[in-house]
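Got the viewer open? Keep the selection box handy, and we'll walk from one stop to the next.

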Amino acid sequence: MKRRSFIIFLTVSISVILSACAPLQTIPEGETEVYEWRMVTHQIPGTARYDGTIIPFVEAVEEITGGRLIIEPFGADTLFPTNDSFDMIKNGVVEIGAVYTGFWTGKDPVFALGGGTIPGDPISGYEEHFYRTDELEPIMNKAYEKFGIKNLGAFDYAPPEALISRVPIRSLEDFRGKNIRAAGVASQFYGALDASAISLSAPEIYTGLQLGTVDAAEFNDFLVNGEMGLDEVTKYVIEPALHVGPSTDKELIVNPDAWEELPEDIKAAVYVARDMVRYESAVAYGVESKKAETVWRENEDIEFIELPEEDVEKMREIGFDLVLDYKEQSELSEKYVEEYARVLNDLGYTEEAQKLGYTE
């Protein structure tokens, strides 16, 4: 669907959404107040994860609202370190963010699992991912509300990430002692493999691999990793990458006070623009990431290493044991794991669901 046609569709959709509001608030005739927001993300301008989601979102919001909500976007670490985004949104320094939940693990353990960033996850494809995301969204809403932030749900779709390395990792044993850039639950996963998880923001990954600060890194799929030039500092790709399956790259979160100031039709426009991004990223990224993977595989300077099957099974078990541990860490993470197991069963992954404690 061409962008112009999609915007028209989205504009029409607002009336449908508003018709479901109870009670329906009438938009004052001649309403001209303009709201100006700032938006932060952990992604880097110039990559598909930024140019293909953040920019279309802010443009759609402006067009649908007739310029009544203007959102100025800022890439990773531009206004402040990405890790500070949570508190900056909560305190109203910026109004809105599209950021990976794994950055907030220190707030509540459930954020490590948010968006489907679960090691050993068997889910594949965007349709299964968004089913899981929608089913688990109420739990994430409660988590954000607990800390004074409004969650607007999954912002986009991320294909499975790649594990890229400057050193060979040919077995489970080879993970021991390696420094691996990771965030969220992946940090605990690599720790369980006897590696050390290193925290690096997106702009630091290239230099980290180049200088040997880290031996390996997980960040995004082949498409975005290539756009960041990480193929230039990668000698090996380790498969399968079990630290995370398909996931929500970014959750859309807002300052509650700023959100409540918006008229109902503008709130609806934000949701519709979000859905546009979800749709476009789900369709585009799956295809473009596959194309990018082909380019990586044709690069004679990069070796793809397939881990032994017996090691893969052990790593999956380690991943599920780690997920089970989250049931003991907070009420929200316990509920998340229970609901995740139910979703796996719904999708036909009965064995995996049972390993996480699901019973009929």
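Which residue stands opposite valine 254 in strand 10? Select lysine 150: that is the residue facing valine 254. Before going on, note that this is a predicted model, where local features need pLDDT of at least 70, side-chain atom pairs count only at pLDDT 80 or more, and totals for chains, interfaces and linings use all residues. Residues are numbered from 1 along each chain as its sequence is written, and side-chain values use heavy atoms, with hydrogens and water left out.

**Stop 1: strand 10 and its partners**

Select residues 251–254, which make up strand 10. Helices and strands here are DSSP runs numbered from the N terminus (H or I, at least four residues, for helices; E, at least two, for strands). Now show the side chains: Glu251 and Ile253 point one way, Leu252 and Val254 the other. That fits a general pattern: in a regular strand the side chains alternate between the two faces of the sheet. All four of these strand 10 residues are buried, buried being under 20% relative accessible area, exposed over 50% and partly exposed in between (1.4 Å probe, protein chains only).

Next, add residues 150–154, strand 4, which pairs with strand 10 in the antiparallel sense over 3 bridges. Pairing takes at least two DSSP bridges between two strands. Then add strand 3, residues 96–99, which is also antiparallel to strand 10 and joined to it by 4 bridges. Here valine 99 stands opposite glutamate 251.

**Stop 2: the domain interface**

Colour domain 1 (35–158 + 247–292) and domain 2 (162–245 + 301–326) separately; the bounds come from an automatic or database domain assignment. Their C-alpha centres lie 24 Å apart. The contact takes 28 residues from domain 1 and 26 residues from domain 2, with contact meaning heavy atoms within 4.5 Å. Between them the domains bury about 2,100 Å², 66% of it on carbon and sulfur atoms. That area is the accessible area (1.4 Å probe) the two parts lose on being put together, summed over both.

How many salt bridges does the rule find across this interface? It finds 1, where a salt bridge is a side-chain nitrogen of Lys or Arg within 4 Å of a carboxyl oxygen of Asp or Glu.

**Stop 3: Arg49 and Asp221**

Search the whole structure and you get 24 salt bridges. One links distant parts of the chain, 172 residues apart: aspartate 221 is in the loop between strand 8 (216–218) and helix 9 (222–227), and arginine 49 is in helix 2 (residues 48–51). The closest N and O atoms of this pair are 3.9 Å apart. Aspartate 221 counts as buried because its relative accessibility is 1%, and arginine 49 does so at 0%. Widen the selection to Arg49, Asp156, Asp221, Asp249 and Lys250 and you have a network of salt bridges.

Stay with that pair and pick proline 159, in the loop between strand 4 and strand 5. Proline 159 touches Arg49 and Asp221, and its other contacts beyond four places in sequence include Pro246 and Tyr285. Is proline 159 buried or exposed? At 6% relative accessibility, it counts as buried.

**Stop 4: lysine 178**

Jump to the loop between strand 5 (163–165) and strand 6 (179–181), where lysine 178 sits. Lysine 178 is buried yet has no salt bridge; the nearest side chain of opposite charge, aspartate 174, is 5.4 Å away. For that charge assignment, Lys and Arg count as positive and Asp and Glu as negative, while His and the chain ends are not counted. Among the residues lysine 178 touches are Val167, Ile169, Ser196 and Asp215, with residues up to four places away in sequence left out.

**Stop 5: two more salt bridges**

Select arginine 176 and aspartate 194, whose side chains meet in a salt bridge (3.2 Å, N to O). Arginine 176 lies in the loop between strand 5 and strand 6, and aspartate 194 in the loop between helix 7 (185–192) and strand 7 (196–198), so the pair ties together parts 18 residues apart in sequence. Arginine 176 is partly exposed at 47%, and aspartate 194 is partly exposed at 40%.

Finish on lysine 355 and glutamate 317, a salt bridge with its closest N and O atoms 2.9 Å apart. Lysine 355 lies in helix 14 (residues 350–355) and glutamate 317 in helix 12 (residues 309–325), so this one ties together parts 38 residues apart in sequence.
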